[in-house]
Every structure is written in structure tokens, then in C-alpha cells.
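Grab a viewer and work through these exercises with the model open. Each one is a task followed by a stepwise solution.

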Amino acid sequence: MFNLENAIAQWKAPFVLSRYYSSETIAELESHLLDTYREFAVEGIEREDAFEAALQRIGSEKVLRVEHKKEWKSTSLLARIFSTYRAERKWISSDVKRWWYGVARLGSLGLGLWWLPAILVSSVTLITSPRNYLLDWDQWYYLQGSPLWILLGFSSLFNLIPFKEWSRSWSDILRVIHTALVVGTVAFNVRIAFWVVIVSNGGEAFMWEVWLCLGPFLWLVQVFGKRNVVDSDYVSIQPGALEMA
Amino acid sequence: MLNKDLMAATIRPAVLAVLAQRESYGYEIIKEVRVLSNEQVEWAEGALYPMLHRMERHGLIESYWRTADNGRKRKYYRLNNSGQKELDNQKAQWKVATALLNKVWGPEPCLT
């Protein structure tokens, strides 16, 4: 049995989850779809066929994305960043507590924005003026720590980048490797020196490890906490929309 | 049927011309363009909206939401002075282009 509300929710889901469409644009497209649907329904076409014909006419998300993406790209950088994080949040299942995801995301953004430039500047300084770093310390100290340094750099980057649906792209593969490295590093540290780390470094190293875990944690929530695309909150049929249908 | 490039060039002045007659919303604009073109303009209708938003961003048209009697909300667009100037400019350019093509191709043969 054809259900118009469900059909609209199914059609709308990829628009809602994409960063290229504002809620206002989606409302416009939905209104257009309903007008077209009613046009066919009034002609006496079966409801399901009328909806299919309306879909054909308005175009799928994949088809419309080309033009909408162009328009999205011409908006301000701030607006693009905002829409990207807003779309990312929508991927999260409603079962997952949104507030703690929000806290984790804000934390990862704050730490990423703080540490990424710091690591970049430090790395450049270390490469260009190694003497500054080697005056009081054994040179092997930094060489031994370089994998962790790289890992921290990657974490900073991944903590900043918003995630999308698991798509098996190169960025997803990098994230899998990165997550494995982070989990391995943290597990290794916890096994050998959990108390030493907390006591001797006053919790600083522990905080670093929490920070390392934030990016992979957010990514894993994205991949495994993906919401059902026909969640009822996607349906927002306006009053009177179905009157003539 | 118009090809993609020609349609892209035509649709903008066509939309401006429709809006010059009266304020309207996306579905109605498309419907009017389709009727006026004798169904020769066929495209993914949802692609109209980025163009409308672009024209709005460029200050050629303005928009507002209106609720119909049946409670349906629609976003209406209307032409402003800049849009009218742009339409006049487009008309002048198309006149030159069509005059050129008419001269090159000559008059249509008429057997009557």
C-alpha cells in the first residue's frame, strides 16, 4: 500500500543529510514535489505512479546536487563550514544522545584548532632549527617520539574534519588506519604506565590520549550510529498538502 | 528540444520575463516556461532553485514566504528594479543575436 508520507520521507532523506541544501531549499523542493504530485493525481493517475512521475520531473538528489553544489560553493566560507557540521550532526542516530556528541565535537574542534597550528609551527621549527630543541635534551628523545608526533598531527586534522557517510573512500581508509594506531597507542600506554602517566605528568598525557581518541570516537559514532533514513522527524508535510491528493 | 547549453542560456531571461509579469513561485514559473515553450524546455525542475537563489543573491529578485488558503506555504519571488534592468539588458542582447542569425540563415522558405 502506497504511503505518501513515507515516500516523501524516503525522497527527502538524502537532501536532509547533505550539506548542499538548507532547510528552506528543502521546503521549497518538497512544496514543488507536492504540487507536481497533485497535478498528476488530479489527472486521475494512480497515487504511486503520480508520485514516481513527480520524482522524475523534479529530479533525484544526485541530479540536483550538481547545480546546488555550485550555489553552495559560492556562499561564504563560514556558511559552508556551518552547513557541513550541521549535516554531519544529522547523520547521528536519534538513539545516540545528541548532547554528548555535541560536547565531543566541540571538544575535538577546540583542541584541533589549538593543537594543529601548534604542531605545525613546532614541526617547522624543529626541522629548520633543530638546535633549539637539542640544547638541553638528548636528541633521541624527539626522534623516538616522532611517530607519536605524526599521530598527534593526524589526530588534530581528523578532529577538525567533519565526517560523512562511510563511503570506503581514501579518507575512510586513512581513518581506519588512524583509529587502529590511536587505539593501539592508548592501549599500550594504559597497559604499561597508566598510573605513571597520570601521576608524573599531572594528567597532561592522559588528556592528550583523550584528545587522540576524540577523532576516531566521533568517526565510529558516525559509521555505527547511522540513523534510519526514514525516521519520522524527516516528515514535515505542511497542513493541507494532501487535500487534493 | 533545446540542448543543454542553449537551455542554460535561455532559462535565465525566461525566468526574469515570467517574474516581470507577476510574482510567482518555483512550480508556477516552471509550468509557465514549459507551456510557453510548447514543452520544448525539459529539465530537472529542482535545478531551478539554485538559479533563483543566485539571482536573489545578486540582487535581481526578492523572495518571501506566503501561506495559501489551504495552509500550504510557498516561497514567492518578485522582480526588483535591478532585475528589470537585467531583463532589459538580456532582451537587447538576444535581439542582436536573433537578428544576426536571421540574417545569416535568411528567411524561412514559404511555399504559399
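**Exercise 1.** Which residues in α2(B) meet which residues in α3(B)?

*Solution.* Some ground rules to begin with. This is a predicted model, where local features need pLDDT of at least 70, side-chain atom pairs count only at pLDDT 80 or more, and totals for chains, interfaces and linings use all residues. Residues are numbered from 1 along each chain as its sequence is written, chains are lettered from A and ligands numbered from 1 in the order written, and side-chain values use heavy atoms, with hydrogens and water left out.

Step 1: list the contacts, meaning heavy atoms within 4.5 Å. From α2(B) come B:G26, B:Y27, B:I29 and B:I30, and they meet B:L48, B:Y49 and B:L52 of α3(B).

Step 2: sort them by class (Ala, Val, Leu, Ile, Met, Phe, Trp, Tyr, Cys and Pro are nonpolar; Asp, Glu, Lys and Arg charged; the others, Gly among them, polar). The tally is six nonpolar, one polar and no charged residues.

Step 3: get the geometry, with axes fitted to C-alpha atoms over the stretch in contact and angles running from 0 to 180 degrees between N-to-C directions. The axes of α2(B) and α3(B) (residues 48-57) come within 11 Å and cross at roughly 110 degrees. So α2(B) is roughly perpendicular to α3(B); the bins are under 35 degrees for roughly parallel, over 145 for roughly antiparallel, 65 to 115 for roughly perpendicular, and oblique for the rest.

**Exercise 2.** Work out how α2(A) and α2(B) cross, and what they touch with.

*Solution.* Step 1: the axes of α2(A) (residues 23-42) and α2(B) (residues 26-36) come within 9 Å and cross at roughly 50 degrees. The two helices are therefore oblique to each other.

Step 2: α2(A) brings A:H32, A:D35, A:T36 and A:E39, while α2(B) brings B:G26, B:Y27, B:I30, B:K31 and B:R34.

Step 3: that contact splits into two nonpolar, three polar and four charged residues.

**Exercise 3.** Find the partner of B:K75 in a salt bridge, and place both residues.

*Solution.* Step 1: apply the cut-off, a Lys or Arg side-chain nitrogen within 4 Å of an Asp or Glu carboxyl oxygen. The whole structure has 17 salt bridges over all chains.

Step 2: B:K75 pairs with A:E24 at 2.5 Å, N to O.

Step 3: B:K75 sits in strand β3 (residues 73-79) of chain B and A:E24 in helix α2 of chain A, so the pair joins two chains.

**Exercise 4.** Lay out chain B and place B:Y64 in it.

*Solution.* Step 1: helices (H or I, at least four residues) and strands (E, at least two) are DSSP runs, numbered from the N terminus. Chain B has four helices and three strands, in the order α-β-α-α-β-β-α.

Step 2: B:Y64 is in β2 (residues 61-67).

Step 3: leaving out residues up to four places away in sequence, B:Y64 touches B:E23, B:R74, B:K75, B:Y76 and B:R78.
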